[in-house]
Amino acid sequence: MATSNPTGAALALWNPGADEHDPISARTYGFWLYLIGDALLFCSLFASYAVLDNPVNAAGGPLTAQVINTPHGLWQTFIILASVLAYSLGTVSLKNGNAAGVQLGILAALLLGGAFLYISGTDLWALAAQGNGPTRSAFLSVFFTLLLTHGLHMLFGILWMLVMLVQVGVLGFTKDVVGRLLNLRLFWQFQATMWVCVYFYVYLLGGAR
Amino acid sequence: MNPPKQRRASLLLKPLLALPALLLSGCTMAGIRLFHPAGLVAGAEMHYTLILVITMLIIIVPTLLMTIIFPLRYHHSRNAKYTPDWHFSLTIELLAWGIPFAIVAFLCYLTIQGVYAVNPWAPGILANAPGARQPPINVEVIATDWQWVFVYPDQGIATIDDLVVPSGRVVHLQMTATSNMNGFYIPQVAPMVDAMPAMESRDAFELDQPATYTGFSTDFSGAGFSWMQFSTRVVPQAEFDSWVASVQANPNQLTYAAFQKIAQPTVNAGAKPAYFSAPDKNLFGEVMTAAMQGVVYPVPDSFTKRVSDNSAQGAQAPASPQ
Amino acid sequence: MQVAVDGPWSPLLGRLSLAAIPYDNPILVSTFAVVALLGIVIIGAALYFGKLGYIWREWLTTVDHKKIGVMYIILGLVMLFRGFMDGAMMRTQQLLADGPNSPGYLGAQHGYLPPYHFDQIYTAHGTLMLFFAATPLVAGLGNLIVPLQIGARDMAFPYLNATSLWLTVSGAALCMISLFVGEFSNATWVGLMPFSEMPTNPGVGVDYWMWAFQLSSIGTTFNAINMIATIVKMRAPGMRWFRMPVYCWSSLTTNIIGLSIFPVVTVALTMLGIDRYFGTHFFTAGYGGNFMLYVNLFWIWGHPEVYFLMLPAFGLFSEIVPTFSNKALFGYPTMVAASFSIGGIGWVVWAHHFFTMGMGPELNGYFSAATMLVGIPTGVKAFNWLFTMYRGRITYATPMLWALIGLVLLLIGGLTGMMLSASVFDYTVHNSLFVVAHFHCMVLVIGAALFAGVTYWWPKVFGFKLDERNGQMYFWTFVLASLLVFVPLFYLGFAGVTRRLDYIYNPALKPLLWVSEGGIGMYFVSLFYFGKMLYVSLRDQIPAQADAWGTGRTLEWLTHTPVPFYNFAVTPQINARDELAWRKAKGVEGVQPTHYVPIHLPSNTAVPVIIGALATVFGFAMTWRIWWLSIASLLAIIIVVIIRSFDKNEGYVLSAEDIAKMENQVALASIIAEQPKRPALAQVEAH
Ligand code: HEM
Ligand SMILES: [Cu+2]
């Protein structure tokens, strides 16, 4: 369409093709935002933990020092960090377009995550079996909830890894798959960070009290 | 605080606030309870409120005027001065931030001062009250579903829905509740404070003139909540003493077992009072401990039937306890 | 582990039985008849006109931000109506049940609602108005306008956007179902603790409330993520931060608030849920539980939430006042700063909602002072709007009228809010009708802004304006009604009348209650004019210009009216803060692009609406403790998401010829028009 205004041509008014945004960058940014939300979720749980970690709220039941298994916690920390490392090694293969390498990394991360959950699960189960289940007192309610919330996140991550194992094989490295792999790495590292917070706050500080 | 000054301030504001109400309804001013504070604590509340409101009006009124004048003045039909590109002025911005800032700073200062003056735990304003020289009257308040139990530990008596206190004495209230959170509130007299299960809270007031007030629960607690009123009677010391003696002679005793019956959810329409002698010395503590151990008084089905069900309300029409 | 429940429970149906249907309650039965009739009429009409397929293809499965926005707004308006009916019922009950000798009808002792029914109504009123009327309206306008104002094709994550919508709808659906199957919560919209716990509240009402709230807040969190990502990542070339319209700034602030607070309430509700389902003791009075923890968590969400709703309203005023003053917004930078200050202060003042819970004077003093600080940026905003009008050329179009009354209400609401924030005063009126009047003033500001916004942008979306004459009648009747309803409440508050009463003890208050009831009648009149406005505008459909009001300043007025589904045929280059005003000044506002390039758009998908439906089933099953169905629906959601993640669909391409055709005949591209099926692209390996 011709313009009657002579200056129109000189001014930059339209920018054809400028709407192709980098999908992976927007996606990763969005995922960071989700992680902020998740961090606030953990913040609220930690705040509740701080409020309820108190003899009054134990209602005669045990407090942190009596319910944690610090050596197990340390092992869990090592395992989850190893799992993150395995996943990261997998993403190195992503750079080379090596599907088998990616799958191997994910598989290792997944198994280590499973081991982590196994330790958590047996510890909590044993605690509940001693009569110190989450319904015993408000403190135990928040103790179980904090650990199980983290555990559920881990479980979700493992499910996600299973899906990605298949997708890397079936779909190959499409834009979506690569975006998901990168976000999953963020997710997994974030859960490890949250675990370190749990370990520090519950196992070390709480155990020392 | 200076009472005459306070009265002057209220002289200004009361008619202002009340005018539309009168126009709207012909309601008597006596109905607007908060404009008639009784006692030092409520007086202080009103005093601070008035200063705060007047200070705020310093900024609200001109802004309101501008909100009315500008749209009229600059309506396109009036061809007033038009500066389409004028969109920033440092002076105006500085004033727009600065004036509210100054006013808010003053409000904050005043409010914090006021918070200490009427702090229900230990109202500063009562420290030098006439009644402060005598020992306080202690009353333990237990909110049940849906009645108020007042225990007088020093006198060894208890009442339901009838708070009687002598004039000229500081009254200390200690509160808790059985199952649900309630708000303790005597509009012209005492600050509102929540009465909560397994928790202890406090309130205090002093009244110098004999009078009768109505108290309410302000925090919703279930089907009978709307009927949770109680009378507050301020009587001369002598009358109070003889009242105490008469209640002490009452054969009804408020043991913990008797309390457990009273604490069953009940709608006390009309706030019919009841009186007991020799309450369990530690009734208040027992109620708190029970709540901590998870005792609740569940509401029977008849109150929570989905459909219209008469038994949900007291059989009798509640009387206005005023 | 499962908590024992009162009454029967069966593995197949959980707590559900025929007794849950309130067929013996005339009010609910007639409501059900009306709702069912409406449903039949709508579906019947769609069938009759053969539009069912159209609705499914073009609306229910859409990922277009404008259609999603429109559906949010429809949801909001429908729920606004239901919330209003609840309000009308409450006011009528209080009027009838005033004084010991007041009559009783329909089996109630006083008035016509027994306490348990009344309590559910006001809980539903608060819940619906906040989560399913105000929030969807705010989210809807944001969805509609923000991408247009920043020159984007769509939101950053269109598929997530649709999911947010359908999660919100599923929450609203649960509220509606609770009317006819079982009961709603009676524990107020804030969820009183420990009153909402199992021992004191054994019915399914609290569960309905909890799941409706939970689902909608998950939807809102997703929407917040989406909005932030859109504003940060999708701006057109040349749109630097300080060229962004103020409405986008306020959307950004509001969604930062939203993202930061909704997880907190999710945690609080989850804790309540596990208390109720598994018998833990977070918020019980006994066993070391701490219900004050809930109160704190709730208001850490709850206070920022009110600003989550208010800031977009401020943003709307900042768009509308300049347009109808035909003048640039005054003090743009401080407007942005004020939005962020309000948001920031909003995080640290939550405890002013429970001054009476026994915090010491130190904490009460701090929270009083902190709350008052918010008066400063709010005042700044008011001054900036006033100085935008100063030396302007003002026209009283309906959106401007709404903005002006919004400003007045803001002053009254602000004054009373500042009063309440002084805990000295709050000790006397907390939980009284004074508080109710305060926040309704504020909520009416939001309401005014939303009506202003809907009227303002309606022509952009649909191609014709709303009828001005009836719009103004609607405005005046609505304002009069609001004054009649809420001014008496201030006085009743001073008279010491507390809130949530289904019986009022003092018959002397009758006159004030009558005035308030008169306001309810007036609202019905305004509703009539609202309907007439819609009817007349739809009948006449007078075409509007691209710049519908003639004095628009921002980017959305640059594209066609009605806006094509692809927004801008060619992405605009941004040169100034008020791009359209700048183009007008240069005389190039009519210059169209000379050639088109193909546009890449996402395909529609049924996954979000399926997720929404499954979420409704999940909430319902959890409410009634039908475990097999809860697990099945949850698994179904996970499976649907996984299946969709294997989809290679890369969207489709709109060819340059198609665009040229539609640019010449804009109606073809309007969001109402049905689009032909365009073949989808398949994603290929990047390597
Ligand atoms: C100048 C700004 C404001 C101040 C200083 C302020 C202050 C307050 C205070 C102190 C309360 C507690 C009163 C009480 O429960 O005793 C309150 C309640 C409330 N405010 Fe505001 N407010 C402001 C703005 C707003 C806005 C913008 C909204 C809504 C959009 C709002 C909505 C509410 C609601 C809903 C409640 C009552 C919640 C409930 O208990 O159900 N306020 N406000
Ligand atoms: Cu607030």
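**Interface of chains A and C and the site of ligand 1**

Between them, chain A and chain C bury about 4,900 Å², and carbon and sulfur atoms account for 68% of this area. The model is predicted, and the values below are computed from it. On the chain A side 55 residues take part in the contact, against 61 residues of chain C.

The count of residue pairs in polar contact between chain A and chain C, with both residues at pLDDT 80 or more, is 14. Four helices of chain A, namely α1 (23-52), α2 (55-58), α6 (138-170) and α7 (175-208), each contribute at least two residues to the side that touches chain C. Of these helices, α1(A) provides the largest share, with 16 residues. Sorted by class, the side of chain A that touches chain C comprises 28 nonpolar, 20 polar and 7 charged residues. The number of salt bridges between chain A and chain C is 1. This salt bridge joins the side chains of Lys175(A) and Glu650(C), with an N to O distance of 3.1 Å.

With regard to the other chain pairs, 2 pairs of chains touch, and the pair with the most contacts is that of chains B and C. Chain A and chain B, by contrast, do not touch, and their nearest C-alpha atoms lie 8 Å apart.

Ligand 1 is surrounded by 21 residues, of which Tyr307(C), Asp426(C), His430(C), His438(C) and Arg499(C) are the closest. Side chains of three of these residues place an N or O atom at a short listed distance from a polar atom of the ligand. For Asp426(C), a side-chain N or O atom is 2.5 Å from an oxygen atom of ligand 1. In the case of Arg499(C), the distance from a side-chain N or O atom to an oxygen atom of ligand 1 is 2.9 Å. The side chain of His438(C) has an N or O atom 2.9 Å from a nitrogen atom of ligand 1.

The shell around ligand 1 draws at least two residues from each of three helices of chain C: α8 (291-325), α12 (398-421) and α14 (433-462). The largest share of this shell comes from α14(C), which supplies 5 residues. By class, the shell around ligand 1 consists of 12 nonpolar, 7 polar and 2 charged residues.

Methods. Residues numbered from 1 in each chain as written. Chains lettered and ligands numbered in written order. Predicted model: local features only at pLDDT ≥ 70, side-chain atom pairs only at ≥ 80, totals over all residues. Heavy atoms only, no water. Contact = heavy atoms within 4.5 Å. Buried area = accessible area lost by both parts, 1.4 Å probe. Salt bridge = Lys/Arg side-chain N within 4 Å of Asp/Glu carboxyl O. Polar contact = N/O pair within 3.5 Å; in protein donor to acceptor, adjacent residues only side chain to side chain. Nonpolar A, V, L, I, M, F, W, Y, C, P; charged D, E, K, R; others polar. Near = heavy atom within 4 Å.
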